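Me: Please take a close look at one part of this structure, the side of one chain that touches the other, and place it among its surroundings. I would like one connected answer, with the terms explained as they come up.

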Amino acid sequence: MAAETGTPTTLTLKSNDDELFSVAESAAILSVTIRNMVEDGCAGGVIPLDNVDGKTLASVITYMNGISAIPADEEKKKSYRDKFLSDKDFETLADMVLAANYLNMSCLMDAVSAKIAQVMEKKSVGWVRRKFGIENDYTPEEEAAVKEEHKWTFEGVETDDDN
Amino acid sequence: AEIFPEEIIAEILSRLPVKSLLKFRCVSKSWRSLISDKHFIKSHLQISRKDTNFTRHWIIQTFLFENPIRKQSLKRCYLPSLFSGLSSDPLEIDFPIENYKGGVWVVDSCNGLVCISINEGRHFLLWNPSTRKYKKLADVDDDDDDRMKLIIIYGFGFDESSDDYKVFCGFSNRGRGGTIAKIYSLRTDSWKRIEFLEEDNLGLDATGKFVSGKLHWGRRNNGPDYSNWDVFSFDLGTGVCGNVAQPLSYVETGFSPSLSVLDGCLCVLYNSPRTSVDVWIMKEYGVSESWVRIVTVPYMHLPLSNPSIHTPSLCVGPKGEILFKLGSDFLIYSPNDNRFRCPKMRSFGAFLEAGVYCESLVSLV
């Protein structure tokens, strides 16, 4: 419809902590979840996004606007994504990957997953457990045995930086 | 509490290098079972393979050391370093077998597994350099009947139909004419003799090139020189032999051709001694109209050692650049500006041969 009238359609998105955001429909439909809602006729009112908080949604919208402003040039899109994620800490990246998954945005999902992988690559097992909220369900003997199977992979592990 | 659902964990972990994944088997029991899950291993490999910066790719090389004893050894070199020209010293690699007689030779790699021939094919080894696990195969000529036969062709690949890795070995059946062949299956861990009615003329390059489930060799026909030749294929799944049509314009010229694989596609390199090497790629397997010439390497860029005595091979790298192995030298071609450059490796000069593998968790059991 937007193309016919010449004025871009704007959508209003609502985060789970009741913040409202305006975003061009052309950028917002990078999210398959939002696109489906638009196609189902939700676009007239406010689109509620129950799994995303305001802080994360603001960041996702920055990304949507940034990436959709770049013409079809995969190199440039890739370098935009790299720059966009470069200064984000683990907690922010974790919120982003959950949001990207919920919003069904595969390009953001890929980029954030790769970034988290890059951050954790040289970290210790303990660091990963703390950051991912995972309980160690091995007995000390079991864990030692699993470690022994690939002992060389524990060379070059970084010292934990979070405590 | 756990902050990610399982599918997001899998998304993140499938982007880690193999070394980190083996370390993180210690995180929890569910992580350990995810990391050894077949589907996970497959999607991890697919993502590693598609990485446009080739950060999971390595070159494996055989070097010959004259001192202290004449012995071949293996080293590996990080593929992105070779392309970027930063630091590309070959690294020592923990080759699993210490005391072997004769030379080691890289047959081929497939899904992160490297097939090594020891002492001219008397022994074979399947090896995953990323997990450092290996398997020594049973000897191929274990029955008296096949003793003293010369291995003339071999190859390594993955048979999707039976989800199995296979090593192919063709012997010259001395005195009796014809060729006999055996196939090793990782699944059954044994060699099996197969019907294979090829004549002895598959000798252009011993190593079969694995593309699209089939091994390929250049085959000489009855002609005075290389002018009559074709591409012979052997299907690892069905055992069916066939032919692949080559670019028509080359059928009658006097080039000496060799086969290679680039980005999963079959290539033919037409080496015209002292002039150039033409590289053709079959974009769509089995479709003869899809042959495209991608580059001609003029002789001035070729290394001084006579390249015609070696089999050139190649692989694709970051930004669509192509790495050539010509004799004991590497050459990089950049299609964007149509230029060539020679990457340098310190510490070591000549290597005997080189292949490329992509990191994977693929297991040998």
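Reply: What follows starts from the contact between the chains and then moves outward along each of them.

This is a predicted model, in which local features need pLDDT of at least 70 and side-chain atom pairs count only at pLDDT 80 or more, whereas totals for chains, interfaces and linings use all residues. Residues are numbered from 1 along each chain as its sequence is written, and chains are lettered from A and ligands numbered from 1 in the order in which they are written.

In the contact between the chains, 25 residues of chain A meet 22 residues of chain B, where two residues are in contact if their C-beta atoms, placed from the backbone, lie within 7 Å. On the side of chain A that touches chain B, the elements giving two or more residues are helix 6 (90-103), helix 7 (106-120), helix 8 (125-132) and helix 9 (140-149) of chain A; helices (H or I, at least four residues) and strands (E, at least two) are DSSP runs, numbered from the N terminus. Helix 7 of chain A gives the most, with five residues. By class, this side of chain A has 14 nonpolar, six polar and five charged residues, with Ala, Val, Leu, Ile, Met, Phe, Trp, Tyr, Cys and Pro counted as nonpolar, Asp, Glu, Lys and Arg as charged, and the others, Gly among them, as polar.

The domain assignment, which is automatic or taken from a database, divides chain A into domain 1 (2-120) and domain 2 (125-154), and their centres, taken over C-alpha atoms, are separated by 35 Å. An unreviewed UniProt entry places the feature "domain: SKP1 component dimerisation" at residues 108-152 of chain A; such annotations may be inferred rather than shown by experiment. Over residues 108-152 the chain is 69% helix and 0% strand, with its end C-alpha atoms 33 Å apart.

Helix 6 of chain A also packs within its own chain: its axis and that of helix 4 (residues 54-68) of chain A come within 10 Å and cross at roughly 70 degrees. Axes here are lines fitted to C-alpha atoms, for helices over the stretch in contact, and angles run from 0 to 180 degrees between N-to-C directions. The crossing makes helix 4 of chain A roughly perpendicular to helix 6 of chain A, a label for angles of 65 to 115 degrees, while those under 35 count as roughly parallel, those over 145 as roughly antiparallel and the rest as oblique. Thr56(A), Ser59(A) and Val60(A) in helix 4 meet Asp95(A), Met96(A), Ala99(A) and Leu103(A) in helix 6, and by class this contact has four nonpolar, two polar and one charged residues.

On chain B, an unreviewed UniProt entry places the feature "domain: F-box" at residues 1-44, a span that is 64% helix and 0% strand, with its end C-alpha atoms 26 Å apart.

Further along chain B, an open sheet of four strands has the order 12-13-14-15 with antiparallel pairing, two strands being paired if DSSP finds at least two bridges between them. Its edge strands, strand 12 (209-211) and strand 15 (241-244) of chain B, each pair on one side only. Strand 14 (residues 229-235) and strand 15 of chain B pair in the antiparallel sense over four bridges, and the bridge partner of Val231(B) is Val244(B) in strand 15. In the hairpin of these two strands, which has five residues between them, Gly239(B) takes a positive phi near 80 degrees.
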